[in-house]
Every structure is written in C-alpha cells, then in structure tokens.
Amino acid sequence: MVIVTTDKDPSSDSSSESGVEPVSESESDSNLENDIFDFSKKHRSYTLSKSQIQSISSSLENQVLSHDFEAMAKQQVEDQKAWEYHFEEWKSDYYQTKLGFDYNINDVLKSKESTLETGIPVRVPPKQVKDMCQSYIVTLQWIVYYYFKGIRSWTHYYPYHYSPNVSDLLIGIPDFAVAEFPPSEPYMPVEQLMFVLPPGSSSLIPKPLRQLMHDKNSPIYDLFPATFEIDLNGKKNDWEAISLIDFIDIDRVLKAMEPLKSQFSPSDIKRNRVGQNISFKHKKELEKSPLTYHSSNPRAFPDLVAVTCEMSNYHIPRVTDDKLKLDLLKGSRTGSGLLPGFPTIKTLSVTSNIESAGLVVFSQGSRNESVILSVNPRVDFSESDKLEEYLAHIFEQKKVFVDYPNLKQSKVVAISTNQGLYIKSNDSYEFRPFLTPSIEQKWAKLSERVRYSLFIKKGIKTDTSVLVHVLPLKGMSMKKSGALVCEYAPSNERHLRSLVDPSLSSDWEYTYPASLVLTVDDAIESIKNNSTVPKSLKIPEWANDHRYQEKKPTKIGSEFSVGQKVFYLKDIENYGSPAIITNITDGSLHLKVLVPSYPRMNSLIVSLGKRILNGTVDVDGIKSILNNNDFSVNKPINFNAIKSSGPSNTYMQSFHLCKKLNISSFMLSKITASIFVDPENGSYKKIELALTLKLEGKGMRAPGYTTRSEKGWEYSEKAATLLHEYVSNFRNIINRVEYIVKANHVFAISINDIIDNDSQITRESIEKMGEWVKEKSKQLPELEPIDSEKFSSEKVAILEESIDLCLNQNLRDPKTSGSAIKFGLKAIEKVANDRCDLLKPKDAQLSLVEQAFALGDRVVLVTESGVPILCGSMGYVIGINAKQNYGNPYKNKSEAPKSGNISGAVRAPFIDTLDVVWDRAIMSGSGLNGLCSLHRGYSVQPTQILNLTIPQLARGFRASSYGLSEIQNVTHTEYNLPEGAYNFVPPPTSFRNKNDNQWNRGYNRHNSGNRHENVWNSKPQKIFNNNQGQSSGNFNQNYQAKNNHYQNKPPAENHPIISQILQKVYPSNQSNTAQNQNINAQKGSNPQKNTASQNSSNSQNSMKAQSSSDKNDTANSEASSKKKNKKWTKKPKQNQGNAEGDQQKSSASSGKQHQKPKAKAQKGSQTEIPSILSSANNSNPSSSNNRSQGQNSTNSNGESTDIMSKLKFMLQNTKISED
C-alpha cells in the first residue's frame, strides 16, 4: 500500500470508520481520479492500491504527450522578439524625446551583437548614440585623472544633458582608446565667473562686463536667458531637475570680454589673476625680529603680527603614472583587522542571501532585492546552564562592542529575557522578574522592535530572545588625582545611567541582541585567520583603541616639567591665573603665577558681565567708578551709589498674565503651545490656532517672549502685548475651544465642532484666525532649548565699551607719587603639592566636563588647540546654546529656589557651544550674527574655557554659595539599590505555574498590594555567588522597594516637615500608635506583616475597631486643637468654603462633640484639621490592606483614614504661620 498526499482529511479514507456505505470498485476509482485532480479542494490524504496508481500514472502520461512542444517553442521565440522590440522602442523614445536623435528601430534590431546573462540584447546603436557613448567614456577618464593625477584639461566638458543607456555603452568600451587631453591653462577668475553665473548674479563680476548679460544689443545676450525650461526627469523637487539651457560658447564670451577689460578698475585687475600656492615655513632667526604681514582685506581681516614664518611660493608636484599605484598600500588592513571607526562584517560568522525585503534607504523602502545577513546565535539560551555561563561571562567584561557592524565600545548595565531582568551585583548578578503581564508584553514589543529595526535598516536577521542593555562610551574624563577613566553615559545626560527596574527595561535606548554583542575575547578570535593583521598584534585596534586607555595617576614630579605652562587653581583669589613651573623639589612644584596687579580692579572686571546683565550698572556708572575709586586699596566697590536704568526685560508669571488677559490658566497653556483644527475639507493640512511660544514636553521656548523657571512659565511684555491682541480679536473662538476640550476631554478638534451661530463663529472667522496666527508666527523667533540664553545686543555693546574702559584705564599708583599706570599683571611665587591645583592646557577637554555656566560669567581660554584664539585670552559668556532634543530640565530639578548669584546656570554636558565676547578683537572672530562687534565674538566648547566666576575646581569651593546645589540634580536620576531588595537568582520553583511553566501572577485576594506573600515567605532563596548565608529576605519589602523605584524613600509620615506638622497638630499620635502596637503584640501578630488569614479575620472586625478608634481619636483631636489652634491661619475664601462644608458634614454625623469645632471654624481657626488627622493613627490591618489596594478607607463617619489623603487635604486647606 502507498500513501499519496493531496488535500483530504485522512479520517474520510475508510468507509467502515466513517459509517459511509461502500461503493463499487469502478465507481470508487472514477470518483477517486476526479477527486485527486480537483486541486481547488483542500489538503487530503488517500490510501491507493497498485491498480489505482497505475491508472493515475497513465492518465498523466497521456496529458503530457498531448502537449505541442513545437508550438510552445515557436511561441517563446515570438515572445522574445516582441520583448526585444519593445525594449528598443523604449530606447528610441528616450533618445528622440530627450536628445532629438534619429533612432531607427528596424536598423538597430538587425545589428544584434550578443545577449547578456540577464537577456538584454547588445546591438550597434546609431552614430549619434555612439558618439554620445564615446564622449561619456572620455569624461569618465577625465574624472579619474582629476582625482588621481590632477586636472589634465581645462577645456573639456560633457556636451549632453543626459547620459546614454548602459546597454549602448557596452559596444564602445572594447574599442575605446585612452584619450590624450591637450595641455591647457586655467581661465582667469573673471572669465570663469562669466561662464557659470546667471544674469541675476551679475553683481559679482566687474561693472563693465554686466552689460554683456543685460543689454539686448550684447553679442552674447542669447547665452544668458532670463527663463529656461527644466526637466524633472523622475525627480520631485525643482532643484533636482535638469536645466535645459544651452552650453556656453567659450570663444564667443572671450571675444566679447576683450574690449571691455581696459575699463577694469585696479581692484578688478587685482582680483582677475591666477594666484600662487604659498608655503609658510618657520625660521628660528625670525623669533628675535618677527615679521608683519598686512591684510589683503583690512575690513574683514586684521594684519598678521609677530609672525616667525617665512612665506614662499610653492608648486604642487604632479604624480606621474609610474609612481601612481592603484592598489592597497603595504600594511593595509582589511576585514576584522580594520582600524577603529571602520565597520566590518568579518567579526562574526554570517550567511548571506538575496531577498526582496523592502529595506529602508534614505527614508524610503527599497523596491529592489537586497543582500540580507543572517547571524546565528552563538549561545543556545534555551539551556539554563548556557544562559548562566553567558551571564557570568558578560558581566565580567569591562567593555563590550555593540551596534554591529560599527562596533562601538560600551559597558553592560543589564541583560533581559522574556522572564525578567538580570543586573550586576558585586561579583555576581541578580535576577528581577517581570511581575505583571503588562511589563512582559512591553518587553516582547521591545524584542520585536529591535528585530524589525535591524532587519529593515541594516538587513540583519538574528535572534532577539536575549537583549543586552548598555551605556555607550562618551569619552575620557580626568579625575582630580590625574587618573584617566572611561566615561559611559547616554547621549542625553537627563536619561538614566543605571537600569535596575525591570519595568524600565523596555524603554532603555541602548539595547542590542546578545548575538551581536562582542567581547574582547571575540575580538581576539576574529583576527586569528586574518592575513593582513601582523602576528605580533594580539588584539585588534578597534577593540583596544589607544585613544580610550584608562591610566592610573602618576607622581606630580614626573607628570610636570620645569618651564611648563599651566593654570593655577588652588585658591579662589588667584583662580585661573596663568603660571609657569620654575622648579620641582620633593613632589612640590614651585610656580610663578601671573595675577592682577590691582585685585580691586580685577574684582570689578570679573563681576562686570553679571552687573550689566542685571542692569545694575551702565557705561556712565563704570566711568564714575573708575574716576572716584582708589584701586590700590583692596576694598569692595560701593555699587549702590551708582545710578542705573535697572533691568530692561522683565517677565511676569502665568497667573498674572491670566488675570490681565481674563482667561484661564488652561487656555493660556494651550494658546501658547499648539491647537490644531481639522478643516474637514479633504485637506491633510490642519489649521493652527495657537501662537507657539513654548513647548513644555520638548523643553523649547521662544527667546524674548517666554522663559521657564522652577515656578513655571513666565512671559515678557512683548508676549503679553501679542497675546492681548490675540485674545481681543478671537475671544469667542478661544472660549468655544476651551468648552469643547473640557466638555469632551479630547484635544482632536474639527472645524465643525467650533462653528457656533450663537457665538458668531463661522468657518470664515476660524480660517481668518488661522491666517492671522500664520502671519504673526513668521515674525516670532525660532524656538530654542530652555537652557539657551543670550544677552541682548544693546547690553553686549555696553559690556564691550565697559571692558575697554577698564583695560585701558590709567590708574594712580600711590607708591610712585600718584603716577599713572595701566592695569596689568604681576608675578608672585606659589607652591603646589597636589595634582588638582594645576590645569595643563592639553588636559582641559578631560578635566572641565562638569563645569556650570551662566550669562555674564568671566571665562579664560585654557586650550592650545582646536580654537584659533591665543591660549589665555579672556572674555564673557554672552550666549548659551543648549543641546537640542534634551527635554525639559525642570522636570528633574529640585523645587528649592535658585540663588540669585547664579540664576540660570547650566552644566557643560547640556551645552552645545558658548558665545563669548573677548576682551580684544581676534582675527578669526565674528559678530555672532549681530550680537557683538565684528571680530569680538567666537563660539567655543564648554570644555575649552575655564569659568572664573564659578571657581568649581578651587579648594574650598562650595556649590551652595554659588547657587549650584539645585543644578546638580539635572544630569540624571540614579536608582540606588535598596538594602535587601531583590536578592534572589533565580525565582523559586513554587513561583512557577506547573501547567505552562510560566510565572504565576495570581493576586492574593486579601492582600493584593503584597502579592505572592505566602509563596515567597515559605523559603528563602540563595543567590548565585560564593557569599553564604544571604537570602532573598521578605518579598513584601522587596516588592515595595521595587514600587518605590528602588530608592530608600521613607514613609511620608516620617518626613521631617510632615512629622513636625503631625506632632504639632496631634501630639497624641505616638501614644495611640504604641497602644495599637501593644494590642497587636498581645494577639501575637506583627503589625508590619499580615498573612492572608490575618487579613481575613481583621477585615471582618474592621468596622468595630474603626468605630471605637474614631471615638478616641475625635476626643483627642478636640483636646489638641485647643492647644494648637493658634498655629492654623485662614486660607482664601474659596478654600474656606470647602472646609466649612466638610466641617458641617463631620459635625452632623458625630453629634454634639463637633459643635464647638464648627463654631471655631467659622471664625477662621479651622480646627477640623486635627480631627481629620487623628484617624490616621488607626493601625488596623484591614485599613492597611485597603490602602495597598489603592483605595481610601473610611471610618464610620465617612472620613478618610488614608494618611496621605489626610495630609493632602490638610496641606491644601491650611497654611502654617511663620512662627
């Protein structure tokens, strides 16, 4: 018997089993054949006899023999001819339409030469096409010469707007001879401009030649058309189109220019010449008498002074053919031996395949086939032993390499699977499971997102069942001891640096499949069979980059040398002063430090930027200070005697603006952000009805209109004026939008929703509002990060004039009978014994990574490279350009108010560049887009300058004295590991569901806040390390710690401020708590731990205990309220009304005992607050369980017993007097 599979259910094979009556053999065979060849039916399975198989075989043979293969072959030939005809027809259309060539299809079809593997025929094209192909190949040769041998011809060009078809190029390549370009000289600069510039740019050429472009009588007027056609040629944008303009006739242009050259001005003649290559070479002889090179354009560039280089003409040699080697140089690396920064796929074992995958290239899906790489998992993670070995190995690595094939150095912070998160803990690791299905689903989406992103962007297929979470290498940083360490941090410093919460693993930005994460061992293995790598090299350079090598601190005597230039950081008085090492003895450095000759003048200069920014001093005030003060005396300057205009640009808080505009705070936040309305007219473009002055989520603001502080958004007078005009014109529409949003709780609004005849709102009025907003938005500045700030150009002008007055002021020296001297520097002797007392210029990029800057800060340039400014130059910060897309910094900032000294300070990791106005003009300086004078401004990196106003690296520096305490919290939020939390690896067996081997996530019916309590407390679990005796502890505490984001947060009632309030309001709090604990102790129960059975029994008696406790608490509250009543003061009327209403309800339910508090509350004493708080001391386990379930328990009087709810109510309805 033989089994033949087609499309039938095997259960229908046997008639005896199915209960169907048997049929005759002939009828069965006939039906069987018809059924088998009916391919429209679904999969079935048959058991056939030998005779049935023979019958089917003969039937198939007859069908094959009946086909006419000769006719099929003829048809195939005809189809091929038809395809070739249509192919040549398409080429004919291309050449005739685009180039106007005569392309005879029949003649071309007869000239077939050969056929490519793809089936494309190769034929001899017409002469015009053949000439075009020849010119195209010659131009390709010219380009090769241009890149490898220099320009061979200045006259050659490709005389067509389009390229030939590739199939036509194949005919000309075998017969192509290398072209010899005739030698030629370059055209003059003005001549080249005449060849390429359109009439609209005629102002760039000498004035006598402009008439050749614009005068209709010009002999070459036809070469400069005002309009011309363009051909998009399959593109979308005009700038991508082909300009169909005639090629320039060089001879005609040169002939027309010749008689007009005599009219050139001297400056035109000077610019119309071919220059020489210039070489500058240092000469030691010029150090004694340096040269001065005068500027070629004094209005743009100053003279070069003190030059010790000799200038000479230089001829660039041309590489001859015999010296040009078109091959890899000796010692070149390939594959896994490449140098850092060069991607390679040779570091892993991969297989490739060609698929139509739709890979995204330049934001568009590819319509062609692509090479797909498959990377197989190097570890079988389905085996628990293999997974444990991998975890132990990967957590031992100091560095790994991710983002294959780019191989970027990173540090592992965690590893996750579909079960939970593994984190490093001392010498081992810990496991933290996903405790809810939603967290597990988020992780599954992350795994799929990583897999899809790798495939669609890089064409890589790999397993994503195990994901590695890393931190990328940010760079090197130098500690105060002088040690160099690798710094691993996210690109956005406000993101987390540690991952210990399993629920956050799906949001981690730097996540990669384990199969694509390489270790140092993998790097060593990858170069074993690479012949281009020297045998002496044990580890490839990309895995051992010399730029990122950690180093231990060295002795101060060996790190520095005599004569070395440094900056002195030891004390605040001389902070940032330039110094030179004169001697080294016994680990001590003897220095000569250049300090200001007059400290009083220096203190004035350092504070100048801040005072001008705040408007406390102006130019007249500086003149008064300089004329009326003796700077030889080191006394503070009395700025109070100086008159000034005060701050010119003030901001008002949002509630003041709401009152002024008579709108709600909700609508103020909406009309200054975004309100999009669907026009419902078939257009995808929505109508914007808001003036975008801020974006809270992205941390962006409109400079000069809005600013952000800890108190919230603030608005300038310009913003208030603009918003007043906006609200006055469209108040009816604004009110309508507010009503729709609040009533329907939606922000997606259509234009038909806003239209209201009663409010006189029509479609035309809404569109008019949209046009008004569009026009006003064009006048607004571009949004910039909240941290970005700038001086006004008026204040920068005051600052420049003031610093010029101070530096050029003639001071009176009492030691020399009042003779006039200029402010300068003097040398003093200092000794440094610690590495952190000095800063080397080459270490600036590594040591100054944590500075903070604010507008007006005095700074000094401390680097000798990377900036075309002399090291030691000083200036002021007049602009802070924050990094883009860093979010809102005030989401993580402390609520403590800033110090007035350093308001607006921003840390260096959040700064892109700093705009600095320098004390002196510099050759490479700019005007910073009109912010300062020409050549006075230049933007630098925050690690290139030292902040003299905030001496962060000086000894004795206190951040709080400079307002930096609240800024330290901006960088990132660390999730500290709580003691005793999650000390288990792996979870116990009882935590698994025996049926599906998945985590058991059942809730405890009586204690949903402390889930799995009985399971986890049954048996302590050990961790996988050599430390004995450690256990997982109580899972309830672990889980609560996890819900607190792994921070050691004390209970709210233990907060020092809240505890003081509780003690003042209700002094019997502790006695009641102790009494309840004694009751629990007598019952043998632990008030901190409640089992399921205890919860069940306690919940049955909760009402009785609650009622008795409320009575005692009420009596205690009345007694305490009489003593503490003076501490509570009256709130505004709207809150008082709510308090009185609550008091009336409380008194009505509790009887006469509450009548006196009610009378006092009417006088403003609000003694109901202690009464409400008193019930918070009930330690009934039932109420504790209810709180853990997220519900606010109530007593018999309907009052809330949740401590946090009472505190919230208390703090909302009362305020504490200052005493």
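**Entry 1. Burial and overall make-up**

I take a residue as buried when its relative accessible area is under 20%. The model I examined is a predicted one. On that criterion I looked up the protein chain and noted that 42% of its 1219 residues count as buried. For the accessible surface of the protein chain I recorded about 69400 Å², with 51% of this belonging to carbon and sulfur atoms. I then listed the secondary structure and found 35 helices and 48 strands in the protein chain. I also checked the contacts between residues at least 6 apart in sequence: 68% of them join residues at least 24 apart.

**Entry 2. A three-stranded sheet**

I next turned to an open sheet formed by three strands, whose order is 29-30-34 and whose pairing is antiparallel. Which are the edge strands? I identified them as strand 29 (694-695) and strand 34 (784-785), each of which pairs on one side only. I then looked at how strand 30, residues 700-701, is joined to strand 34: the two run antiparallel and are held by two bridges. Within this pairing I noted M700 opposite P785 of strand 34.

**Entry 3. Aromatic pairs**

I described each pair of rings by the distance of the centres and the angle of the planes. How many aromatic pairs does the count give? I obtained 23. One of the pairs I inspected is Y94 with Y95, an edge-to-face arrangement with 5.3 Å centre to centre and 70° between the planes. I checked the burial of these residues and found Y94 and Y95 both buried.

Another pair I inspected is Y422 with Y429, for which I noted 6.0 Å centre to centre and 65° between the planes. This pair is edge-to-face because its angle is over 60 degrees. Are the two residues buried or exposed? Y422 has a relative accessible area of 11%, and it is buried because this value is under 20%. Y429 is likewise buried, because its relative accessibility is 7%.

I then followed the ring pairs around Y94 and Y95 and arrived at a cluster. Ring pairs link these two residues with W83, F87, W90, F101, Y103, Y136, Y158 and Y160.

**Entry 4. Charges over rings**

Finally, I searched for charged side chains placed over aromatic rings. Which residue lies over the face of F560? I found K840 there, at 5.2 Å from the ring centre. I also recorded R858, whose charged end sits over the ring of Y876 at 4.7 Å from its centre.

Conventions
Residues numbered from 1 in each chain as written. Predicted model: local features only at pLDDT ≥ 70, side-chain atom pairs only at ≥ 80, totals over all residues. Heavy atoms only, no water. Pairing = 2+ DSSP bridges. Helix = DSSP H or I, 4+ residues; strand = E, 2+ residues; numbered from the N terminus. Phe/Tyr/Trp six-rings, centres within 6.5 Å; stacked < 30°, edge-to-face > 60°. Buried < 20%, exposed > 50% of the residue type's maximum accessible area, 1.4 Å probe, protein only. Lys NZ or Arg CZ within 6 Å of the ring centre and 35° of its normal. Contact = heavy atoms within 4.5 Å. Areas by Shrake-Rupley, 256 points an atom, 1.4 Å probe, with all protein chains shown as cover.
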